[in-house]
Amino acid sequence: MNAPGSDRVGDDASPKSGPVSSCVTVETLKQRSDFLRAAKAKRAPCPAFLLQARSRDDAALIRVGYTCSKKVGNAVTRNRAKRRLRAMARQVMAQHGRPGWDYVLVGRPGATVSHDFAAMVDDLERALGKLHGGKP
């Protein structure tokens, strides 16, 4: 409870609990050409999604893209699938992704929305290890 007359809603001075992020910056892919280049590179299929990855020349940051075709479902279902892919990438990419790489997470019909989230996170870590030669 705040003191009377205080405009603050919550105490933001205390550090928030959660995963500690590393120094690596994760950026979102937005250009179609980047998605097409990643589609021609390495792939790691998983039960709930497909991971595509390619190495770039600059090694400054990790870039991640998300895509779900209309085969996944209507707009609500596609957006839910992409939200799950984004949440999964937030948990895993900073620790297991490699700077200088582009990654694209492709949603699968029926599986991305309904698959167990913890299993999806484990699958992404395993897929990254497979793409990078056994060492994520």
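This briefing covers helix H4, the residue Arg84 and two cysteines. The model is predicted. Helix H4 runs over residues 117-131, and Arg84 sits in helix H2. There are zero disulfides in the structure.

**Helix H4**
- Helix H4 has 15 residues, so at 1.5 Å a residue it should span 21 Å.
- The C-alpha atoms at its two ends are 21 Å apart, which agrees with that expected span.
- The buried residues in H4 are Met120, Val121, Asp123, Leu124, Ala127, Leu128, Gly129 and Leu131.
- These buried residues pack against two helices, H2 (75-96) and H3 (111-114).
- They also pack against the strands E2 (42-45), E3 (49-55) and E5 (101-107).
- Gly133, just after H4, has a positive phi of about 75°.

**Arg84**
- Arg84 is part of helix H2.
- Arg84 is buried but forms no salt bridge.
- The nearest side chain of opposite charge belongs to Asp116, 6.4 Å away; this is not a salt bridge because the cut-off is 4 Å.
- With neighbours within four places in sequence left aside, Arg84 is in contact with Thr112, Val113, His115, Asp116, Phe117 and Met120.
- One of these contacts, Met120, is also among the buried residues of H4.

**Cysteines**
- Cys46 has a relative accessibility of 9%, so Cys46 counts as buried, the cut-off being under 20%.
- Cys68 has a relative accessible area of 10% and is therefore buried.
- A disulfide is a covalent bond joining the sulfur atoms of two cysteines.
- The structure holds zero such bonds.

Conventions: Residues are numbered from 1 along each chain as its sequence is written. This is a predicted model: local features need pLDDT of at least 70, side-chain atom pairs count only at pLDDT 80 or more; totals for chains, interfaces and linings use all residues. Side-chain values use heavy atoms; hydrogens and water are left out. A disulfide is a pair of cysteine sulfur atoms within 2.5 Å. Buried means under 20% relative accessible area, exposed over 50%, partly exposed in between (1.4 Å probe, protein chains only). Helices (H or I, at least four residues) and strands (E, at least two) are DSSP runs, numbered from the N terminus. The expected span of a helix is 1.5 Å times one less than its number of residues. Contact means heavy atoms within 4.5 Å. Lys and Arg count as positive and Asp and Glu as negative; His and the chain ends are not counted.
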